[in-house]
Amino acid sequence: ATGGQVPAAPYFQGRHSNGRVWVEELAAKLNLPNDRVKNFAWGGATTGLNGLNQVPGVLAQVEAFIQTRPKVDPQALFVIWAGANDYLFSTETPNTSIDNLNRSLQSLLQFGAKRFLVANLPDLGKLPATRTTEASQRLTKIAIDYNQALKATLDQLQKPDLAIAELDVFNLYQTAIQNPQQFGFTNVTNACLGSSANCDRFLFWDGIHPTTAAHKVLGDLAFEQVKTAIESR
C-alpha cells in the first residue's frame, strides 16, 4: 500500500524487520514463486475490523480476500498470525480476540479453505518494549490465556478434510530466551535497532519485532509444521 515506504529505513523495504520476514522464508522453502503468494496482511492490524491508524484488521483482511476471489483453491495455504496489537496498543480481552479470529477462520472455511497455518503469540511481557514495565506480568498472562484459547479453538475446528498447522511462537521465543546459543543469538533482551551491533546475533530488531535472523528460525519451524500437518496428508 505504501510501496515499501512504511516503515521507513533502516527498516527493510516496508517490513517491520531488518530483512525478509518468516512468511517469505516459508514461501521459499515451499518453492512458491512470488506470483503464487498473495499478501493481505497489514502492519498494525488487530484481530478485529480496524487496526492501528485505521489499517484493516484481520476480519477486514479476510473480507477483502473473499471479495476479490470468485472461488478458493482448496490446496492453498492460508497463514494467519494476529493478536499482539490487540494487547500492546489496545484493551481487547483474549475472549474478544479469539472470537474475532474464529470468525475469520469460519469465513475462510465457508469459502472453501482447507489448509491453514495459524501462529500463537510470543510472551508479550518479555519484549524489549515491555519487559521492564509495570505491564510485563499482565501481558505475559494475556499471551498465555490467548494461546490456550487459540489452541482450544483450533482443536474444535479439526475435521478429516481440514488440515491445520500450528506455529508455537511462544515456545520458540521462550527457548531462544532461555538458550540463545541454540540459535546463534547473544542478545535476547534488547533491540538491535539503533546500535552498531551485528543484528544476526539479536532476537529483536526493535522493541517488538524480531530480526530477520529470528524470522528465519520462525520460517524453518513453520515449514516443519506445514510438512507434518499438511503435506503428509
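**Exercise 1. Two helices that meet**

Task: Helix α1 (residues 22-29) and α7 pack at an angle of about 45 degrees, with their axes 8 Å apart; work out how to describe this pair in the predicted model, and which residues make the contact.

Solution:
- Step 1. Start from the angle: α1 is oblique to α7 because about 45 degrees is neither under 35 degrees nor in the 65 to 115 range.
- Step 2. Add the handedness: α1 passes α7 in a right-handed crossing.
- Step 3. Find the partners. On the α1 side, they are Trp22, Glu25, Leu26 and Lys29. On the α7 side, look for His215, Lys216, Leu218, Gly219, Asp220, Ala222, Phe223 and Val226.
- Step 4. Sort the residues of this contact by class: six are nonpolar, two polar and four charged.

**Exercise 2. A second helix pair**

Task: Are α4 and α5 roughly parallel or roughly antiparallel to each other?

Solution:
- Step 1. Look at the geometry: the axes of helix α4 (residues 94-111) and α5 come within 10 Å and cross at roughly 30 degrees.
- Step 2. Angles under 35 degrees count as roughly parallel, so α4 and α5 are roughly parallel to each other.
- Step 3. Now the handedness: the crossing of α4 past α5 is right-handed.
- Step 4. Visit the contact. From α4 come Pro94, Ser97, Ile98, Leu101, Asn102, Leu105, Gln106 and Leu109. From α5 come Ile142, Asp145, Tyr146, Ala149, Leu150, Thr153, Leu154 and Leu157.
- Step 5. By class, this contact of α4 with α5 has 11 nonpolar residues, four polar and one charged.

**Exercise 3. An enclosed space**

Task: Which residues line the largest cavity, and how do they divide by class?

Solution:
- Step 1. The structure holds one cavity of 30 Å³ or more, and the largest cavity has about 50 Å³ of space.
- Step 2. Its lining is made of Leu172, Tyr173, Ala176, Phe183, Phe185, Leu203, Ala214, Val217 and Leu218.
- Step 3. α6 and α7 each give at least two residues to this lining.
- Step 4. The classes are nine nonpolar, no polar and no charged residues.

**Exercise 4. An open space**

Task: Which element gives the most to the lining of the second largest pocket?

Solution:
- Step 1. Begin with the space itself, which is about 190 Å³. Of the 13 lining residues, Asn120, Lys151, Glu166, Leu167 and Asp168 are the closest to the pocket's centre.
- Step 2. List the elements that supply at least two lining residues each: α5 (136-157), β3 (163-167), α6 (169-178) and α7 (212-231).
- Step 3. The answer is α5, with four residues.
- Step 4. To finish, sort the pocket lining: six residues are nonpolar, four polar and three charged.

Methods: Residues numbered from 1 in each chain as written. Predicted model: local features only at pLDDT ≥ 70, side-chain atom pairs only at ≥ 80, totals over all residues. Heavy atoms only, no water. 1 Å grid on protein atoms, 1.4 Å probe; cavity = no way out; pocket = protein on both sides within 12 Å on 5 of 7 lines; lining within 4 Å. Points joined across faces, edges and corners; volume = space filled by probe spheres on them. Nonpolar A, V, L, I, M, F, W, Y, C, P; charged D, E, K, R; others polar. Axes fitted to C-alpha atoms, helices over the stretch in contact; angles between N-to-C directions. Parallel < 35°, antiparallel > 145°, perpendicular 65-115°, else oblique. Left-handed = near helix turned anticlockwise from the far one by under 90°. Contact = heavy atoms within 4.5 Å.
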